[in-house]
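Hi,

Here is the structure I promised to send over. Have a look at it first, and then read my notes underneath.

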Amino acid sequence: MASGAGEWSTAQMDDYETLISTTDVELLKRAWRNEKAAPEILPFEEALVKRAKEQIQLMEETVDEFAESGHDPLIASLYQMDLDRAQFLLRSYLRVRLQKIEKFMFYIWKSDAYRHRLSTEEEKFGERCIRDIGKHLEETVLSKLPDNYQSLLKQSIISEEDDMVPEPQLDTFVVAKCQRATRPLFLDGSRQSAGFDNRDDHFQMVPGDLCILRYRPFQEELMSGNISLV
Amino acid sequence: MQEEGLEVLTARTADHYGALIHHLSLIRNKRCLMAYVYNRADIIRDLAWKVGLLHELPREIQEKFSDSEEQYFKDHSKSLKSYMSQLSLNVNVDMVPPKDPYIKVRVLEDLGSGIILSDKSANFARHSMHFLKRTDAEQYIARGLMEELTS
């Protein structure tokens, strides 16, 4: 891709526009929709976010050039609008992730699988969040309780597991659209056949299907990109 | 011997249940207190997103905070700010999908002159109308200092 300096001909502009609409913006839109609809935090699309930021910067430089060179102001404001919308997508994507981290910070912190889904900056943000809320809760409540009950994560030291940690509700219903053919699965998420051919339990999605289903059995499908949430 | 054993058992059971009730009521109280404080912290985080980070909150809200909550608000704002500066991207603006790059606003409170916006400096006297960039105006609208003119 050419750098931002220099004049852009109309043909190059058109190519650039079509390129942007079939790849990164669409991917970003899909990642944004998935993230908004899913109850848990999804893997961070590092490469996508990086590319989107670079492209937004490119667009900004182009728009600035337009403003300076006195190019047709209507076209300049159209490009400005496109830029704004791309920026909104990126910001909203990051914002939704931050809010999910804020909500489930302890749960994400405890499990390695979830921690790998965060970017490095998000991890640092999560650490600081935990530190802040821990400090706040300790000052107001925990320091005034008797000794055995002062843990942040457990109700008391005789609890077997961390009971005071909120978990994401993986059984909520989501609206899913099928992008690619999936293997048939049972509605409870297991893949092995029951030994007899019971047609009622099988569920297979055809590309283009729009269904409402529980989130938990379809986690894998979402990660592999076979379905996307709406 | 067996009678003594039985007696010891019954004696232990009475205290045992007393201790159990004490423990259960303690953890219930702990849950209630933590839920209260945690929910308030949730609302504070919401405010931080809506109103803007490290900005002065309105008086009615500010006086309802405890000291620890004020500190938490500041800490949380700092964490968000450091995340944004690491990414060099302001995640705080654009809370609503943009329809127009510029919007018309009317100033509701006297903000003084010489406020520097991203592309010019403006004089925000009360009841004056301006044509501002959306990203600039949003933070003022969120704090109720300006209103958007949609007609």
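Below is what I found, starting with the interface and moving on to the salt bridges and cysteines.

One thing before you dig in: this is a predicted model, and every value here is computed from it.

**Where the chains meet**

The contact draws 44 residues from chain A and 40 residues from chain B. Together the two chains bury about 3,900 Å² between them, with carbon and sulfur atoms giving 65% of that area. If you want residues to look at on the chain A side, try A:Arg91, A:Arg95 and A:His136: they supply 16% of the area that chain A buries against chain B, more than any other three residues.

There are also eight residue pairs in polar contact between chain A and chain B, counting pairs with both residues at pLDDT 80 or more. Which elements of chain A give two or more residues to the side that touches chain B? Those are helix H4 (73-103) and helix H7 (120-140). H4(A) brings the largest share, 15 residues. Sorted by class, the side of chain A that touches chain B has 19 nonpolar, 10 polar and 15 charged residues.

**Salt bridge across the interface**

Side chains of opposite charge can pair when their charged atoms come close. Across the interface of chain A and chain B, the rule finds two salt bridges. One of them is between the side chains of A:Glu102 and B:Arg45, at 3.7 Å from N to O. A:Glu102 lies in helix H4 of chain A and B:Arg45 in helix H1 (residues 2-51) of chain B, so this pair joins two chains. Are these two partners buried or exposed? A:Glu102 has a relative accessible area of 4% and B:Arg45 has 2%, so both fall under the 20% cut-off and count as buried.

**Salt bridges within the chains**

Over all chains, the count comes to 12 salt bridges. In chain A, have a look at A:Glu35 and A:Lys100, whose closest N and O atoms are 3.1 Å apart in a salt bridge. This pair links distant parts of the chain: A:Glu35 is in helix H2 (residues 24-37), A:Lys100 is in helix H4, and 65 residues separate them. A:Glu35 is buried at 1% relative accessible area, and A:Lys100 counts as buried too, at 9%.

Chain B has a salt bridge between B:Glu69 and B:Arg40, with the closest N and O atoms 2.6 Å apart. B:Glu69 sits in helix H3 (residues 67-87) of chain B and B:Arg40 in helix H1 of chain B, so the pair ties together parts that are 29 residues apart in sequence. Here the two ends are in different accessibility classes: B:Glu69 is buried, at 5%, whereas B:Arg40 is partly exposed, at 27%.

Back in chain A, salt bridges with shared partners join A:Glu35, A:Arg97, A:Lys100 and A:Glu122 into one network.

**Cysteines**

How many disulfides are there over all chains? The count is zero. Two cysteines you may still want to find in the viewer are A:Cys129, buried at 0% relative accessibility, and A:Cys211, which counts as buried at 14%.

Cheers

Terms used: Residues numbered from 1 in each chain as written. Chains lettered and ligands numbered in written order. Predicted model: local features only at pLDDT ≥ 70, side-chain atom pairs only at ≥ 80, totals over all residues. Heavy atoms only, no water. Contact = heavy atoms within 4.5 Å. Buried area = accessible area lost by both parts, 1.4 Å probe. Salt bridge = Lys/Arg side-chain N within 4 Å of Asp/Glu carboxyl O. Polar contact = N/O pair within 3.5 Å; in protein donor to acceptor, adjacent residues only side chain to side chain. Helix = DSSP H or I, 4+ residues; strand = E, 2+ residues; numbered from the N terminus. Nonpolar A, V, L, I, M, F, W, Y, C, P; charged D, E, K, R; others polar. Buried < 20%, exposed > 50% of the residue type's maximum accessible area, 1.4 Å probe, protein only. Disulfide = S-S within 2.5 Å.
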